[in-house]
Amino acid sequence: MPELPEVEVVRRGVEQWAAGRRVEQVQVHDARSLRRFAEGPEAFTRQLTGAVLGEPQRRGKFLWIPLRNDHDAAHPALVIHLGMSGQVLIEHSEAPAEKHLKITLDLGERIGAGPQHQLPSQLRFIDQRIFGGMQLSPLGPDTAAPGSGRLIPEVAAHIAPDPLEETVTTEWLFQVMRRRRTGLKRALLDQTVISGVGNIYADEALWLARMHYARRTETLTRAQAGLLLESLREVMQAALAAGGTSFDALYVNVNGASGYFERSLEVYGRPGRECSRCGGTVRREKFMNRSSYFCPICQPRPRADRW
DNA sequence: TGTATAACCTGATCGC
DNA sequence: TGCGATCAGGTTATAC
């Protein structure tokens, strides 16, 4: 499932293969992937055709490509969210269409570049479960992290900074958590609290920090907030170095290759296995209509007076 | 206002 | 073998 490291792997692939190229044609194969774009498929196609793709950006699980369009001073961005099963592939047009191909962008040669060797000519958006999608959104000020100096798509303006951003510090996380009145994992999964964390890396980071998922946010000390942030960063950097986490063909990079971090997971998807740290047995519990994995010895349930 | 939950969606897997 | 139920989970709208 694409979380921050997987989206970053995709961003780097788009940067390498698609940035600086003009969109020559847009084909919307399934309008459901434009569900969040209120103007509809025709406007999407019209506004995107002829635009030049800029350097792709990311916050949390949101990926966007600023558009440079001679005819449109508003400079919108192409926003891509992979949802549960979204993929972005850069392929040659001769490659057979994928079963769940939703949107195809035909790309021209890189503008201003020298001789180019048969660059793949299509950017394809594929999505089995259709939780993801594409849309166009104007860029605006970064209200979530005013000091960043970045431009953020309006549709992602409500998303908090992610753990790999410089504006996220121990003090920032401490204050954010102190203001909440909920469980730790619930807060980590809330993208308006901190972005980019999904079920996999929430469980892995909580294990690394030896914290139970139901620990109350307002009881976190400054030192514990620092430990949690450190754990989030460590898990995500390791996943990034491994090319992301793939359980099946649902997550691949832009060349269609899977990541290897699944082999390094400590608790996620490992119920009944031995905890590598203490020898305890990893447990799975139902949580928020999904699963939560943890070691009951390393991550003891908080006392009732700390809930 | 802040928090919790249902709905969206498809394919794999399981039990009968 | 085939059918229905269940599960996976990120985001958003809605309920409380």
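**Helix packing, DNA-facing surfaces and selected loop residues**

Helix H5, spanning residues 199-208, packs against helix H6, residues 222-241, at an angle of about 125°, and their axes lie 8 Å apart. Because of that angle, H5 is oblique to H6. The crossing in which H5 passes H6 is right-handed. On the H5 side, the contact is formed by Tyr201, Glu204, Ala205 and Leu208, while H6 contributes Leu228, Ser231, Leu232, Glu234, Val235 and Met236. By class, the residues of this contact comprise seven nonpolar, one polar and two charged. The model described here is a predicted one.

The loop between H5 and H6 contains Arg210. The phi angle of Arg210 is near 60°, a positive value in a residue other than glycine. Arg210 counts as partly exposed because it has 17 C-beta neighbours inside 10 Å, a count that falls between the limits of 12 or fewer for exposed and 20 or more for buried.

A second residue with such a backbone conformation is Ile130, which has a positive phi of about 55° although it is not a glycine. Ile130 belongs to the loop between strand E8 (122-127) and strand E9 (133-141). Its 16 C-beta neighbours inside 10 Å explain why Ile130 is classed as partly exposed.

Ile130 also leads to the DNA, as it is one of the residues around DNA strand B. The others around that strand are Arg32, Gln128, Arg129, Phe131, Arg180, Arg181, Thr182, Arg186 and Asn289. The surface near DNA strand B consists of two nonpolar, three polar and five charged residues.

Around DNA strand C there are 15 residues, of which Lys61, Gly198, Asn199, Arg290 and Ser291 come nearest. The surface near DNA strand C divides into four nonpolar, seven polar and four charged residues. Asn199 provides a link to the helix pair, since H5 covers residues 199-208.

Lys61 provides a link to Leu82: leaving aside residues up to four places away in sequence, Leu82 touches Pro2, Val7, Lys61 and Gly132. Leu82 is situated in the loop between strand E5 (76-81) and strand E6 (86-91). Despite this loop position, Leu82 is buried, because 25 other C-beta atoms lie within 10 Å. Relative to Ala225, Leu82 is 143 residues away in sequence and 29 Å away in space, taken from C-alpha to C-alpha.

Technical notes: Residues are numbered from 1 along each chain as its sequence is written. Chains are lettered from A and ligands numbered from 1 in the order in which they are written. This is a predicted model: local features need pLDDT of at least 70, side-chain atom pairs count only at pLDDT 80 or more; totals for chains, interfaces and linings use all residues. A residue is near a molecule or strand if its C-beta atom, placed from the backbone, lies within 6 Å of it. Ala, Val, Leu, Ile, Met, Phe, Trp, Tyr, Cys and Pro count as nonpolar, Asp, Glu, Lys and Arg as charged, and the others, Gly among them, as polar. Axes are lines fitted to C-alpha atoms, for helices over the stretch in contact, and angles run from 0 to 180 degrees between N-to-C directions. Helices (H or I, at least four residues) and strands (E, at least two) are DSSP runs, numbered from the N terminus. Angles under 35 degrees count as roughly parallel, over 145 as roughly antiparallel, 65 to 115 as roughly perpendicular and the rest as oblique. A crossing is left-handed if the near helix is turned anticlockwise from the far one by less than a right angle, and right-handed if clockwise. Two residues are in contact if their C-beta atoms, placed from the backbone, lie within 7 Å.
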